[in-house]
Every structure is written in structure tokens, then in C-alpha cells.
Amino acid sequence: MLEINIEQNADATLVVIKGRMETVAAQDSENKFKSLDEATAGTIYLDCKELEYISSSGLRLFLGLQKKVMKNGGKLIFRHVSEPILNVF
């Protein structure tokens, strides 16, 4: 099961990802990532401390978000990425 929590404040947006981002879960999470469109001009922190697994579909979500952030002049910062997840990146 995948859980994505988004906390927005004036300075930045924090996205906490918990669980396994398998193909079906990544597809189901697309709407949550689309809700970040307005935040892409600022700083978005993706906290991956409790991310256990990521599929290629999950990577596609991250890449799509990165493209939007770069286009809008924002920053995307990954935090607490475990070594197994980092190897997938």
C-alpha cells in the first residue's frame, strides 16, 4: 500500500511518500502529483524515508514532476532516499 501526504506552506511543499510505489499505486497517485502543479514554481521536498520500493511507473511520476519544476523555475529536492531506492534512480 502506498500513502502520499502533501503539506504546503508559504515557503515550500513537503511530500511524504510511504510504502511501495508499484505500477498500480503509481498510476493511482497521478492525481496527487497533479495537485502539485501550483507548487512547481517553489521548492518541493520529496521525503522518501519510508519509500520501500519504486517501479518504473513511479520513476515516471518523479520525472514528470521534475520537468514541471524545471519549466517553472522551482526546485525539487529528494530527502532521506535509501540506498536500494537510490540504486533504482
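This is a short group-meeting talk that walks through one predicted protein model.

Okay, hi everyone. Before we start, please keep in mind that what you have in front of you is a predicted model. I'll go through the strands, then a few single residues, then the charged pairs.

Let's begin at the start of the chain. Strand E1 covers residues 2-8 and strand E2 covers residues 12-21. The two run antiparallel, and seven bridges join them. How many residues does the hairpin use to join E1 to E2? Three residues. If you want a spot to find on your screen, look for glutamine 8, which stands opposite threonine 13 in E2.

Now the other pair of strands. E3 is residues 43-54, E4 is residues 75-79, and here the strands run parallel, with five bridges between them. One pairing you can look up is threonine 43, whose bridge partner in E4 is lysine 75. To get from E3 to E4, the chain passes through helix H3, residues 56-72. That makes a β-α-β crossover, and this one is right-handed.

While we're on strands, here's a general point for your notebook. In a regular strand, side chains alternate between the two faces of the sheet.

Right, single residues. Let's stay with helix H3, because serine 57 is in there and counts as buried, its relative accessible area of 13% being under the 20% cut-off. What does serine 57 touch, once you leave aside its neighbours within four places in sequence? Thr23 and Ala26.

Next up is leucine 36. You'll find leucine 36 in the loop between helix H2, residues 30-34, and strand E3. Is leucine 36 buried or exposed? Buried, with a relative accessible area of just 1%. Have a look at what leucine 36 touches, not counting residues up to four places away in sequence: Ile6, Thr13, Val15, Ile44 and Leu65. Ile6 falls in the range of E1 and Thr13 in that of E2, while Ile44 falls in that of E3. For a sense of distance, take phenylalanine 62, which is 26 residues from leucine 36 along the chain. The C-alpha atoms of those two are separated by 12 Å.

Now for the charged pairs. How many salt bridges does the structure hold? Three.

The one I'll take to begin with is between glutamate 22 and arginine 20, with N to O at 3.0 Å. Glutamate 22 is partly exposed at 37% relative accessibility, and arginine 20 is also partly exposed, at 34%. Glutamate 22 is in the loop between E2 and helix H1, residues 23-28. Setting aside residues up to four places away in sequence, glutamate 22 touches Tyr53 and Ser55. There's a long-range distance here too: glutamate 22 and isoleucine 85 are 63 residues apart along the chain, and their C-alpha atoms are separated by 13 Å.

Then we have glutamate 30 and arginine 60, where the closest N and O atoms are 3.6 Å apart. This pair links distant parts of the chain, since glutamate 30 is in helix H2 and arginine 60 is in helix H3, 30 residues apart. Glutamate 30 is partly exposed at 25% relative accessibility, and arginine 60 is partly exposed at 42%.

The remaining salt bridge joins aspartate 37 and lysine 68, at 2.9 Å from N to O. Again, distant parts of the chain are linked: aspartate 37 is in the loop between H2 and E3, lysine 68 is in helix H3, and they are 31 residues apart. Both ends are partly exposed, aspartate 37 with a relative accessible area of 36% and lysine 68 with 33%.

Last stop, the surface. Which residues make the nonpolar surface patch? Phe78, Leu86, Val88 and Phe89, and together they cover about 340 Å². Of these, valine 88 is in helix H4, residues 83-88. Valine 88 comes out as partly exposed because its relative accessibility is 40%, between the 20% and 50% cut-offs.

So if you'd like something to click on afterwards, try leucine 36, which is buried, and then valine 88, which is partly exposed. That's me done, thanks!

Key
Residues numbered from 1 in each chain as written. Predicted model: local features only at pLDDT ≥ 70, side-chain atom pairs only at ≥ 80, totals over all residues. Heavy atoms only, no water. Pairing = 2+ DSSP bridges. Helix = DSSP H or I, 4+ residues; strand = E, 2+ residues; numbered from the N terminus. Right-handed = clockwise from strand over helix to strand, strands pointing away. Buried < 20%, exposed > 50% of the residue type's maximum accessible area, 1.4 Å probe, protein only. Contact = heavy atoms within 4.5 Å. Patch = residues over 30% accessible without salt bridge, like charges linked within 9 Å, V, L, I, M, F, W, Y side chains within 5 Å. Areas by Shrake-Rupley, 256 points an atom, 1.4 Å probe, with all protein chains shown as cover. Salt bridge = Lys/Arg side-chain N within 4 Å of Asp/Glu carboxyl O.
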